[in-house]
Each structure stands twice: as C-alpha cells, then as structure tokens.
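Let's go through this one by asking what earns each label. Have a look at the model first, then we can talk definitions.

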Amino acid sequence: MFSGKTNTITSPAMFETNAYAASSASSPLESTSIPRRDPTDRDVQVEILFCGICHSDLHQVRNEWADAMPTVYPIVPGHEIVGRVTKVGSAVTRHQLGDLVAVGCLVDSDRTCPQCKSDLENLCPNLTMTFNSPDAHETAPITYGGYSGSIVVDEHFVLPVPGNLDPAGAAPLLCAGITTYSPMRRFGVTEGKKVGVVGLGGLGHMGVKFAHAFGAHTVVFTTSPSKTEDALRLGADEVVLSRDTGEMDKHAGSFDFILDTVVAEHDVNAYLNLLAHDGTLTLVGAPDKPIPISAFALLMGRRKLAGSLIGGIAETQEMLGFCSEHDITADVEVIPIQKVNEAYERMLKSDVKYRFCIDMASLGAD
Ligand SMILES: [Zn+2]
Ligand SMILES: [Zn+2]
C-alpha cells in the first residue's frame, strides 16, 4: 500500500471463473477459465447450477451463422441458465443472495428504443446477447455464456425462478420455452382453438406442453412414427405423420395456429394449406436457405405467415409463472460438461429427449 496515494484503476475489476470454450469453428469445447466483471451497482452475480444446450449454441460454436453473426473466438456458449445469486450490487432491488434465478438469451439492451419501452427487449436493435455479442463492459471482446461457473448480469435481465420448478428442467424454458410460449400467446392460442406443432424436438416438445396447457386441441406433425407415443404423453390430442398426404388432407383448412419448429428443409406450403381462414403459421426454426412460399396458400383464406424470436423480459417472467402454475418444465437429459461434445453429435441426430442440460457442478472436475 502506498500511503497517501490513490491509484487510478483504468481496467474494470474482474475475477476468473471456469468455463468450456471453443477456440475455432473446428475445435471441440474444452476446459478453460474466463474473466467476469465484478458486479457493478446494478449487477447480480449468479453461480450457475444448470445450463441447457440449445441448437444455436452449436450453430455459433461452428460459425454456421457467419453471415448474420460471425463467431468471435474463443466462444463460451449457453443461454438457458439457472443458478443462485451469490452477490448483488448496491442498487439492486429485485434480487437477494441465495435466490434461484435464470438468465436467458439477453443480458442487455438500450432500454430507450420503442421496443424496450414496450417490454420487447428481444426486438431491440441494440440488444446484447448472452454470448458472442460485443461486451459493453469490456471484460472481454465478446460476452461469454452459461457453460461457465458464474455470470454477472444487470438485474433487469435476471429472472426469479419459482421454487416449485425443477432447476434442470427449468433451464430450457429460457430459450425453448419462451420461443414457443410467446407466439402462442400473441396469436391467441386458447381453449377451443385447433393448434398444430410441426416437429417434436427441443422446441416442439415445449410447444406441445404449452398448447395443451392453454386448452387447445393439439396436433403434432412428425415424420417419425416412433414419436407418436411420446407426443400423446406430452399432451397431443392427435399425431399426424406428415409424409402421409391422405392424413394431411383430412386436416385441410382447419387450424387456427401452427407452430413450425423444423430447421431442416421442408414444404411450408403443405402446412399453410392446413390453416383455416385468418389462421397463422409461425416459424421459430431457422432453415439456412430461403423458403419457397406459394402466394395462393396465403391468398386463399387470407392466411398469415409469421416469425418469432424468444420474448421480452416481462413475458419471459410471465411464462415462468405459467409454468409454475401448470407444473411445466422441459424433459431433460442431464449431463456432466465433459460430455458436451458428444451431446452436440447426438443433438445433430435428434438423439435426445428432448433437451440436454449441463449439470455445472461437474465443471470443477477437470
Ligand atoms: Zn436457444
Ligand atoms: Zn431497445
């Protein structure tokens, strides 16, 4: 200590935490350590308990979205985070030490644009994603996500998790959950409506649970006959094999809403034709090629084709409350982080029911 002198600290105060990162598009995820900022006045520090594995983690680790959002390496993915509050800044009012909380796909936004002012931070032009976004705090070149021991986030983007939800099953609600919940809410999925869910993977299985809980007549479209039993168990009223045109034709013009979760190339027009008049087909998967659309499929019955991307913070909190009330969590296979690369390969083969979730207690074992 130099008596009588104050040193000016120019770089922000930081600490290190364990993490798994990929150092290039062709590298596996490996054990490392990363910097986190010390919590500022409005920050919450969270010890991560569980982090779900989303397909977009894999896309970005392998730089498959190079045109839209090129990956900066090293990358630490993960945006389905559940953990415990271990530190709060002096101005934090919404969270306390020990609270069970969640962090989803967003960790910041400008708070000033019309979307932010309408609780649609997910549509903010200046949002900061949980990983692979420029880090405004300059702790690192980009933000680092949930495959790590802890994370520091502005309290506005930290969500209390209802105590009756299993923390591992709750983690995927932060991306797969809100991605399917939000468009169903927006397009009025309720009792008495007929709702389709295309694809039964991480997103689709959540879509079925929500449609069923909203009281809608729920129909699952799948290419795999082996998924029929599971679809019914998850809450579907009917299952249609989408390659059976006779079965598809029986449902022509009858749906109020269809949620299309499929990433692989497929014929969207076949589903548009199943919509009733004024019905809406919402895409939540992101096929990498443009999709051919028949104008007639839209004109006849003035049908709508829409897209949706996660949800705002208030709606995400509302969804967690809905899940608490209706006892909804994701079906997860919990893995130690050492199995994350193997999990990626299995996810590519749809060999998971229905979401991998990393138990972050395994992180210290390397
Ligand atoms: Zn995701
Ligand atoms: Zn904004």
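**Labels and what backs them**

Q: What makes R346 and D351 a salt bridge?
A: Their closest N and O atoms are 2.9 Å apart. A salt bridge is a side-chain nitrogen of Lys or Arg within 4 Å of a carboxyl oxygen of Asp or Glu, so the R346–D351 pair qualifies. Side chains of opposite charge can pair when their charged atoms come close.

Q: What kind of model is this, and how are things counted and named?
A: It's a predicted model, where local features need pLDDT of at least 70 and side-chain atom pairs count only at pLDDT 80 or more, while totals for chains, interfaces and linings use all residues. Side-chain values use heavy atoms, with hydrogens and water left out; residues are numbered from 1 along each chain as its sequence is written, and chains are lettered from A and ligands numbered from 1 in the order in which they are written.

Q: Why is D351 called partly exposed?
A: D351 has a relative accessible area of 38%. Buried means under 20% relative accessible area, exposed over 50%, and partly exposed in between (1.4 Å probe, protein chains only), so D351 falls in the middle class.

Q: Which other salt bridge does R346 make, and what does that pair tie together?
A: The side chains of R346 and E333 also meet in a salt bridge, at 2.9 Å from N to O. R346 sits in helix α11 (residues 340-348) and E333 in strand β16 (residues 332-336), so the pair ties together parts that are 13 residues apart in sequence. Helices (H or I, at least four residues) and strands (E, at least two) are DSSP runs, numbered from the N terminus. E333 is partly exposed, at 27% relative accessibility.

Q: How do you know that R302 and D278 form a salt bridge?
A: The closest N and O atoms of R302 and D278 are 2.5 Å apart, which is inside the salt-bridge limit. The two are 24 residues apart, with R302 in the loop between α9 (295-299) and β15 (304-307) and D278 in strand β14. R302 is exposed, at 61%, whereas D278 is partly exposed, at 30%.

Q: How many salt bridges are there in the whole structure?
A: A search finds 15. A network of salt bridges links K209, D230, R233, D331 and K353.

Q: What makes the site of the zinc ion (ligand 2) tetrahedral?
A: The angles among its 4 donor atoms run from 101 to 119°. Four donors count as tetrahedral if all angles lie between 85 and 135 degrees; four count as square planar and six as octahedral if opposite donors are over 155 degrees apart and all others between 65 and 115; anything else is irregular. The site's angles fit the tetrahedral range, so that's its label.

Q: What makes D110, C113, C116 and C124 donors of that zinc ion?
A: D110 (OD), C113 (SG), C116 (SG) and C124 (SG) coordinate the zinc ion (ligand 2) at 2.1 to 2.3 Å. Donors are N, O and S atoms within 2.8 Å of the metal (3.2 Å for Na, K and Ca), and water is not among the atoms, so sites may look incomplete. Along the chain the spacing is D-x2-C-x2-C-x7-C. D110 is partly exposed, at 22%, while C124 is buried, at 5%, and C116 is buried, at 8%.

Q: Which protein donors does the zinc ion (ligand 1) have?
A: C54 (SG), H79 (NE2) and C175 (SG), lying 2.0 to 2.2 Å from the ion. Their spacing is C-x24-H-x95-C. C54 and C175 are 121 residues apart, in the loop between β3 (43-52) and α1 (55-61) and the loop between α3 (167-170) and α4 (176-186). Why is C175 called buried? Its relative accessible area is 8%, which is under the cut-off.

Q: How many disulfides does the whole structure have?
A: The search finds 0, a disulfide being a pair of cysteine sulfur atoms within 2.5 Å.

Q: Why is D43 called buried, and what does its side chain contact?
A: D43, in strand β3, has 2% relative accessibility, so it counts as buried. Its side chain makes a polar contact with the side chain of R37 at 2.8 Å. A polar contact is a pair of N or O atoms within 3.5 Å; within protein, one must be able to donate a hydrogen and the other to accept it, and residues adjacent in sequence count only if both atoms are side-chain atoms.
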